[in-house]
Amino acid sequence: MSDNKNIPTTRNEPHADHFPTPPFPHQKQPFPGLAGKMTPRPDHGETSYKGSGRLAGKKALITGGDSGIGRAVAIAFAREGADVAINYLPAEEEDAREVIELIRAAGRNAVAIPGDIRDEAFCQKLVKQAAQELEGLDLLVNNAGRQQYCESIKDLTTEAFDATFKTNVYAMFWITKAALDYLPRGASIINTSSVQAYLPSEILLDYAQTKAAIVAFTKSLAKQLGPKGIRVNAVAPGPYWTVLQCCGGQPQEKIEKFGESAPLGRPGQPAEIAGMYVTLASGESSFTSGQVWCSDGGTGTL
Ligand code: NAD
Ligand code: MG
């Protein structure tokens with residue numbers, strides 16, 4: 001399907017044709033799903049990410065750090081020299097254990113804090129525990145998300161709408177607010193938005209709104225925290241091969257063709273977006289705040 005299969009690469013590193021392309025097997029998991037049960041298993045950079053001390057000595061809290069994009073960010077941050085705390089749901093312990101081992105294998109301190117971020121009291125406890133066990137907090141990645149497709153507004157229940165907003169918007173607000181007790185000048189907050197903020201699908205009515213809210217939150221807070229020397233940015237992924245899609249994020253027939261409509265003809269693998277988070281987290285981006293960086297396989301959303 002791709003015409004450029006034979007283009008040689010000049011360097012020995014991944015390129016556009018290195019990663020899996022559709023069709024993918026049908027696969028359905030109950031929410032929240034496990035990355036370890038996906039076929040093919042997503043590439044979170046486990047064997048490929050090489051650090052170079054870009055986040056040496058930093059302390060990071062990453063929500064949804066057990067799988068997908070959050071896991072790729074956790075691996076990259078640790079290999080760049082950061083100590084990392086991850087939050088996830090108790091049902092994801094199996095995925096989380098692998099991430100904890102990978103952080104420790106990078107020689108960094110790893111902290112596992114399972115719990116449901118739809119609860120404000122838990123969000124406050126999460127931040128406090130992370131800052132205490134890491135002995136500080138410099139980087140906050142609000143990445144956990146709920147995406148459950150629904151064909152019609154008529155079938156979208158108040159409970160589902162509420163769960164999506166609690167997970168994607170309220171938790172980001174509660175966690176960020178609590179983190180400000182610890183974040184020093186030079187700290188960086190990175191929120192995971194989506195291309196859905198800009199090109200919303202008809203079946204993701206609630207989710208798309210939350211991702212747009214994350215963009216406005218990011219831009220507003222960047223203005224508020226600029227004088228405190230804290231940067232706030234967002235990343236807007238396009239289609240990425242993560243378990244979010246297989247546990248209610250998309251209808252099953254779309255999983256098989258996932259990423260097909262992107263000009264690169266495939267979904268991104270989590271390892272391919274971790275570098276954006278590293279760059280936004282690092283002092284290399286010290287004048288970058290209030291921005292949304294997109295990675296969508298060539299669609300040109302932003
Ligand atoms: P993922 O399922 O691997 O990660 C999402 C994580 O959210 C889960 O691992 C889970 O730990 C966490 N989570 C969900 N509800 C929670 C709750 N109530 N309490 C605590 N944690 C909870 O999938 P992903 O695709 O890596 O998702 C990461 C982020 O990327 C999400 O914000 C998602 O909206 C966003 N995103 C993903 C895509 C994509 O195509 N995969 C595209 C755009 C944006
Ligand atoms: Mg998970």
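## Strand 2 and its neighbours

Let's start inside the sheet: Ile86 stands opposite Ala112 in strand 3. This is a predicted model, in which local features need pLDDT of at least 70, side-chain atom pairs count only at pLDDT 80 or more, and totals for chains, interfaces and linings use all residues. Residues are numbered from 1 along each chain as its sequence is written, and side-chain values use heavy atoms, leaving out hydrogens and water.

Strand 2 pairs in the parallel sense with strand 3 (residues 110–114) over five bridges, where pairing takes at least two DSSP bridges. Strand 1 (residues 59–63) also pairs with strand 2 in the parallel sense, over five bridges, and here Asp83 is the bridge partner of Lys59. Helices (H or I, at least four residues) and strands (E, at least two) are DSSP runs, numbered from the N terminus.

## A buried strand

Six of the six residues of strand 2 (residues 83–88) are buried, so the strand is largely enclosed by the rest of the structure; buried means under 20% relative accessible area (1.4 Å probe, protein chains only). Asp83, Ala85 and Asn87 point one way, while Val84, Ile86 and Tyr88 point the other. In a regular strand, side chains alternate between the two faces of the sheet.

## Two crossovers

Helix 1 (residues 68–79) joins strands 1 and 2 in a right-handed β-α-β unit. Strand 2, helix 2 (residues 93–105) and strand 3 make a right-handed unit of this kind too. Right-handed means that, with the strands pointing away from the viewer, the path from the first strand over the helix to the second runs clockwise.

## Helix 1 against helix 8

Helix 1 meets helix 8 through residues including Ile69 and Phe77 on one side and Tyr277 and Val278 on the other, with contact meaning heavy atoms within 4.5 Å.

Note on methods: Chains lettered and ligands numbered in written order. Buried < 20%, exposed > 50% of the residue type's maximum accessible area, 1.4 Å probe, protein only.
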